[in-house]
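Here is a short briefing on charged pairs, buried polar residues and a surface patch. Keep the structure open while you read.

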Amino acid sequence: MSLSGALGLYVHWPYCARICPYCDFNVYRPKGAEDALLDAILADMRGWRERTGTRRLTSLHLGGGTPSLLSPVALERIVSAAAEIWGFEAAPEIGLEANPNDLASFADYASIGMNRLSIGVQSFDGNALTRLGRDHSVDEAVRAVEAAQKAVDQVSLDLIYAWHGQTLEHWRGELGQAAALGVGHVSPYQLTIESGTAFGKRVARGDKLVLEPDDAADFYSLTEEVLGEAGFERYEISNHAQDLAAQSRHNRLYWEGGDWIGAGPGAHGRLGAHSKAGRIATEAARRPQDYIDQVMSTGWGVKSLETLSADDERTERVLMGMRIASGLDLAEVTGFTGLGIDEAECQRMSELGYLVRDGEHLSLTREGQVLGDAVSMALIP
Ligand SMILES: C[S@@+](CC[C@H](N)C(=O)[O-])C[C@H]1O[C@@H](n2cnc3c(N)ncnc32)[C@H](O)[C@@H]1O
Ligand code: SF4
């Protein structure tokens, strides 16, 4: 099933009650401008309507930051504005990334139209939660997953692994607990150290916070093994689902080169996946106040808009397409961009055992998945 004709809406809510030491998303502590930001996001959505025309939405995803800090009334305003401005296709995916601390609101979500919740559990071990700087307990995380399961059809949970000192047995236990909760989707993320974060500064001072790459590769393999035994299929490097219905349709728009609107501070968007004139890439103003000012002065939040060159579009399609288990369709890449890949490098990567080529179809092997973007980048001349 391809979603490349579909249109999604991503709304970024940048506020978090506490900034986690590993996180380099576009996040801020609330400073009292939340109402103004919500109004600006709604105005930005109306501004976008002029650019998208009369297309209906396949998906709406509220990400962050912590969109579960928004009250159900505020969330309802966003969902109904989307319905009024574009309208939804039949059975849209309407999802939200939630922190376990906000579980009290989940019961109200279904009446707003939400059908997918992704819960930031991160770990089922209290000591690990403390190391990761999380401000919720294991008990709260489990209760949040259970509350989400009562509230909506599709529940996913995020876990972080490969932190310094973690053992394979510990990680096996974490995955087992995730599977035992009966969710349809799990996103295990390998802890990455980003410069500028509190963890980035500690690592620069010499602290060891993550495992060595070779050890992390064993964790990656164990993830697929344990979740596979529990009935999950890895359909993207960091995403495992019980079945097609449990996969994230919104995220598939990113991986499959579809169109999506990006509203909210720092949100990225893509339009014109099938346009002969080229694919348009947008980025909204990053800081909340700059974003509010941008919407007030221009009618939408977009700060930069460019038509991707054929080269850039090829890079994006190769990097994204190689992440999914179903793989990359080279004929599609050439059809959209007029460009091919580096055939000699492709042959070399295949001989090294990092990818498999079947005619015009490429996919990463387990060894290639561990190296991720490095293999995909080698394919770009
Ligand atoms: C943008 S966050 C939003 C989720 C929500 N605010 C929360 O923290 O529960 C999405 C997910 O990215 C993952 N993440 C963020 N930074 C990471 C990092 N440096 N390494 C690994 N995973 C990370 C976390 O698992 C997190 O749940
Ligand atoms: S991980 Fe979630 S809660 Fe923590 S800072 Fe990032 S977006 Fe905010």
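In which strand is Q122 found? Q122 sits in strand β4, which spans residues 116–122. The model is predicted. The points below cover two glutamines, the salt bridges and a patch of negative charge.

**Q122 in strand β4**

- Q122 is buried, because its relative accessibility is 7% and the cut-off for buried is under 20%.
- Setting aside residues up to four places away in sequence, Q122 touches Y22, L129, L132, R134, D158, L159, I160 and E174.
- Those contacts of Q122 include the charged residues R134, D158 and E174.

**Q247 in a loop**

- Q247 belongs to the loop that runs between β8 (239–241) and α9 (249–255).
- Q247 has a relative accessible area of 14%, so this loop residue is buried.
- With neighbours within four places in sequence left out, Q247 is in contact with E93, R116, H185, Y235, A241 and R252.
- Y22 is a contact of Q122, but Q247 and Y22 lie 26 Å apart, C-alpha to C-alpha.
- In sequence, Q247 and Y22 are separated by 225 residues.

**Salt bridges: the count and a long-range pair**

- The whole structure holds 17 salt bridges.
- One of the salt bridges joins D259 to R55, with the closest N and O atoms 2.7 Å apart.
- D259 is in strand β9 (residues 259–263), while R55 is in the loop between α1 (34–52) and β2 (57–64), so the pair ties together parts that are 204 residues apart in sequence.
- The D259 end is buried, at 4% relative accessible area.
- The R55 end is partly exposed, at 26%.

**Salt bridges: between helices α8 and α6**

- E225 and R172 meet through their side chains in a salt bridge, at 3.6 Å from N to O.
- E225 lies in helix α8 and R172 in helix α6 (residues 168–180), so this salt bridge ties together parts that are 53 residues apart in sequence.
- Both ends are partly exposed: E225 has 39% relative accessibility, and R172 has a relative accessible area of 31%.
- The E225–R172 pair is part of a network of salt bridges that also takes in E169.

**Salt bridges: within helix α11**

- R314 and D311 form a salt bridge through their side chains, at 2.9 Å from N to O.
- How far apart are R314 and D311 in helix α11? They are three residues apart in this helix (residues 310–321), so about one helical turn separates them.
- R314 is buried, with a relative accessible area of 7%.
- D311 is partly exposed, with a relative accessible area of 42%.

**A negative patch on the surface**

- Which residues form the negative surface patch? E212, D214, D215 and D218 make up this patch.
- E212 is in the loop between α7 (198–204) and α8 (213–229).
- E212 is partly exposed, with a relative accessible area of 45%.
- Helix α8 follows that loop, and α8 also holds E225 of the salt bridge with R172.

Methods. Residues numbered from 1 in each chain as written. Chains lettered and ligands numbered in written order. Predicted model: local features only at pLDDT ≥ 70, side-chain atom pairs only at ≥ 80, totals over all residues. Heavy atoms only, no water. Patch = residues over 30% accessible without salt bridge, like charges linked within 9 Å, V, L, I, M, F, W, Y side chains within 5 Å. Areas by Shrake-Rupley, 256 points an atom, 1.4 Å probe, with all protein chains shown as cover. Salt bridge = Lys/Arg side-chain N within 4 Å of Asp/Glu carboxyl O. Charge placed at Lys NZ, Arg CZ, Asp CG, Glu CD. Helix = DSSP H or I, 4+ residues; strand = E, 2+ residues; numbered from the N terminus. Buried < 20%, exposed > 50% of the residue type's maximum accessible area, 1.4 Å probe, protein only. Contact = heavy atoms within 4.5 Å.
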